Amino acid sequence: MRKNITEEYLETILYLTKGVQMAKTKDIAEAIGVKPPSVSEMLMKLKEEGYVDYRPYIGASLTEKGRAEAVRMERKHQLLETFLVGTLGVGVDEAHDEACEMEHTISDSTVDRMCSFLGHPRFCPDDHPIAKGECCEKSVESVPLTELKEGESGTIKIVCTDKGTRDFLISLGFLPDVILSIKKRLPSNSLLVRIKGSEIAIGRDIAEKIYVRKAVA
Amino acid sequence: MRPVKVALIGNPTVGKSSLFSRLTGIGVIVSNYPGTTVEVAHGRVTHDERTIDLSDLPGIYSLDTSSVEERTVLDFLSSERPDVILNVVDSTRLERNLYLTLETLELGLPVVIALNMIDEARALGMDIDDHRLSEVLGVPVIPTSALKGSGLDELIHALFHPKTGKPRLTRYDRHIETFLNQLVGMGLNIRRYDAVKLLAGNSDLSKYPEGARTAASMMRQEMESTHNEPVAETMAGNRYAEAGLIAKSVMHHRPTAGMTLNERLDDLFMSPISGFAILAITLLSMLLIVFLVGGFLEDLIVNSFETYILLPISGSIVGHPLVQVVVRYTLIGIQAGLGIVVPYIMTFYVLMAILENSGYLTRAAFLLDEIMHRFKLHGRAMIPLVLGFGCSVPAIMSTKALQTRRERVVTSSMVCMVPCSARSIVIMGLVATFVSIWAALSIYLLMLTITIAMGFVLGRVVKGEETGFVMEMVPLRMPRLKDVIDKTWMQMREFVYIAFPLLIIGSAVLGVLQYGGVLSVVNEILAPVTTGILGLPSYTATALLFGVLRKEMALETLAVLAGAPVAHLNLALTGLQMYVFAVFTTIYMPCIATITMLNRVVGLKDTILITGLTFTLALVISGLIANLVPLVATLI
């Protein structure tokens, strides 16, 4: 529970310090829904733990460490929201509330997978930019397999299909860092791929979910 | 001495079935299309008074449990406990094949490797050092060519004397190895293979002790948090890396200069424009060849049977009228069987065998993926539909290779609408012969439309998971005459042994029933449908009933009942009646054998639904044709 509170505070301060130097104690208290004295007490603790710079009567700002933590939480929140609204069709307000709860329990690796599943979205449902995670950095220079032209080759980065297909693809050698080349390409974007010494035909819908980094010709 | 139990394991289309049939002399269907072997075939070889029991298992890419084939193989391994595993490896695709080999070695059973298609690899400029490979893997490696039959004696010898040395085990990531050793060392009777399965955690682990499962899942979590990818994936990566290293160390590849003939052909087959043109030409010419060659053979057989057997015998029988009727009906039955079943079905299967074994069928599936996509199916579902032109039974059986139940239901329903060779016999024998070839083609067009409409509707109505198209493209190969003949014979066998006697007995029984007046009662009862809705003579009811047994029997029975040889049916029916009869026969409920197979693949409920649907469709469509055509004719 304590961890949740820390995370909640950091996120709030991050939100309140957008465009300004310091977040006022009063504003923090209002945003979280507690009395200012409790906020002061909590901020002192956060200061001890090295998350915030806190000057009584002026306000608080995030340290490097606090900022990283807050950004991580915000990203989780936004990705959850995007998933709930965009993929599951949950209402925006409901999604916001539920994301607030889930962000504290979901693991980093699951969020990264959710991020890959969503195709590394840049904006959340209310159009705020989502911070890039490690998984996004990995995929920045990667493109769906369907972007490759006939004769081009690339290195597999991420395979984002359902489990059954993914297992089958893995047994065929579609693993991260494996090199493949496009042997044929039909107008429908179905591809004939050369990989691990044999040729595999892949339909468009699956090819779109295999991300590769283009090899420089 | 107890027979040695040997299981053939290997990737799809590496020649397991060829090798199996070479070794045992037992015909199994040899194919160049992934997923042809869905059921296990058994055979026996005796050599120097010792016996080997061979089992041909479906082709798989790994020993996971995610596909039907993989489950079949694993179930077989755990229930049958083979003494030796014969791992068949395609020399031309060594790296990919070694992945499964490495997994197989982990099983801890004696393994013998058949380095198959060694001659093809050599022709491609690949030089594989089999001695070195044997040293590296720690198991016997025998170069074979199922095609030429070379290396078989050595292989049998190796199967009797599998080396029980130390096979090469994949060296996984350092952390994984530590965990594997910990799991094995837990004292819970866990072998390395079990430890690998436990740690990978992507299969059913319920048979392992609770403690081991908990430990493995904790290890898995730890691995995943440091490596940022599922353990199973790390392990697969390790295995592939190892396979790549081994392949590189034993193989010298001197690529032949320029494109080989096969590569040139492949380029034509799969380039957008030429590819679709060739596909259209292939499918059309296939239908035409079946019509023309089948028609030619039919004339030949029917006429000579009539001149040399039917007329002389029926002219010379004397005795009780019942005997006369029975003999006459039996002969007509034989004539119909020989004259109709053999020519069309044989021609179709010969062509199909050529397409399949040459590897063209996989190219066709690739090209058609986009079209199948519109039915929310994928290219793989095309194959059962093409097979359906031969016989619905193997076609529906082949839908087992599809991944989801939804695909199986939709595809099976569509297969039921594809005119199989038996239905083609009715269309050809009745409509093409007596009305016109164009009228016959229009029925095919009608069926094509119905099939497409059905796929379109069912693809949206039937709920379930949708999967995409992934399929290994098999190398183009020159189909071997013997395989083609064997395969044709094996598929014909069913007709010859089961359909033919049924047909002859059916005809004789029909003769007796006719004589005893039973048929007219049945016909009376069904007359409201046959005569009322479809405008057909009432005796067609009997023909349609027999058609449920086998579709082509509808035509044969019709001939018998009309009291005319097949060659003179036009004296008994009008063109429109023949057309309606053919359409109705083509659509109305699948034959008994198909229904049985449907029940096995999609279950009773859907079988009943499909059967009901087809019956309704048949009534509506042929009813419409029967009633609208005369109407339109009078208007014009």
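**Exercise 1. Work out whether B:Y360 is buried or exposed, then look at its ring partner.**

*Solution.* Start with the number: B:Y360 has 6% relative accessibility, so it counts as buried, given that the cut-off for buried is under 20%. Keep in mind that we're working on a predicted model here.

Next, the partner. B:F269 comes out at 16% relative accessibility, and therefore it counts as buried too.

Now the geometry. The rings of B:F269 and B:Y360 sit 5.0 Å apart, centre to centre, with 75° between the planes. Edge-to-face needs planes over 60 degrees apart, and this pair is indeed labelled edge-to-face.

Last step: where do the two residues live? B:F269 belongs to helix 11 of chain B, while B:Y360 is in helix 14 (residues 360–373) of chain B, so the pair ties together parts that are 91 residues apart in sequence.

**Exercise 2. Classify the aromatic pair of B:F584 and B:Y588, and find which cluster the two belong to.**

*Solution.* Grab the two numbers first: 5.1 Å centre to centre and 20° between the planes. Stacked means planes under 30 degrees apart, and B:F584 and B:Y588 form a stacked pair.

Then check burial: both B:F584 and B:Y588 are buried.

Then widen the view. B:F615 joins B:F584 and B:Y588 in one aromatic cluster. For context, the whole structure has six aromatic pairs over all chains.

**Exercise 3. Find which ring A:K65 sits over, and which ring B:R460 lies over.**

*Solution.* Take chain A to begin with. The charged end of A:K65 is placed over the ring of A:Y51, at 4.6 Å from the ring centre.

Over in chain B, the residue to look at is B:R460, which lies over the face of B:F456, 4.0 Å from the ring centre.

**Exercise 4. Describe the largest pocket: its volume, its lining and the main contributor.**

*Solution.* Volume first: the largest pocket holds about 1300 Å³ of space.

Now the wall. It's made of 46 residues, and the ones nearest the centre are A:R194, A:E199, B:L124, B:M126 and B:P475. Sorted by class, the lining has 22 nonpolar, twelve polar and twelve charged residues.

Who gives the largest share? That's helix 11 (residues 261–270) of chain B, with six residues. You've met this helix already: B:F269 lies in it.

**Exercise 5. Do the same for the second largest pocket.**

*Solution.* This pocket has a volume of about 1100 Å³. Its lining counts 44 residues, with A:R113, A:R166, B:E229, B:P230 and B:E233 closest to the centre.

Elements giving two or more residues include helix 6 (108–117) and strand 4 (153–159) of chain A, along with helix 9 (210–227) of chain B. Helix 10 of chain B gives the most, with eight residues.

Class split: 19 nonpolar, eleven polar and 14 charged.

**Exercise 6. Say how many cavities of 30 Å³ or more the structure holds, and characterise the largest one.**

*Solution.* The count is five. The largest of the cavities has about 180 Å³ of space.

Its lining has 18 residues, and closest to the centre are B:D64, B:E103, B:A200, B:N202 and B:R239. By class that's eight nonpolar, four polar and six charged residues.

Finally, trace the elements. Helix 8 of chain A and helix 3 (94–106), helix 8 (192–200) and helix 10 of chain B each supply at least two lining residues. The largest share, four residues, comes from helix 8 of chain B.

Technical notes. Residues are numbered from 1 along each chain as its sequence is written. Chains are lettered from A and ligands numbered from 1 in the order in which they are written. This is a predicted model: local features need pLDDT of at least 70, side-chain atom pairs count only at pLDDT 80 or more; totals for chains, interfaces and linings use all residues. Side-chain values use heavy atoms; hydrogens and water are left out. On a 1 Å grid over the protein atoms alone, a cavity is a set of points where a 1.4 Å probe fits but cannot get out, and a pocket is an open set with protein on both sides within 12 Å along at least five of seven lines; lining residues have an atom within 4 Å of a point. Grid points are joined across faces, edges and corners, and a volume is the space filled by probe spheres set on the points. Ala, Val, Leu, Ile, Met, Phe, Trp, Tyr, Cys and Pro count as nonpolar, Asp, Glu, Lys and Arg as charged, and the others, Gly among them, as polar. Rings of Phe, Tyr and Trp (its six-membered ring) pair if their centres lie within 6.5 Å; planes under 30 degrees apart count as stacked, over 60 as edge-to-face and the rest as tilted. Buried means under 20% relative accessible area, exposed over 50%, partly exposed in between (1.4 Å probe, protein chains only). A charge sits over a ring if NZ of Lys or CZ of Arg is within 6 Å of the ring centre and within 35 degrees of the ring normal.
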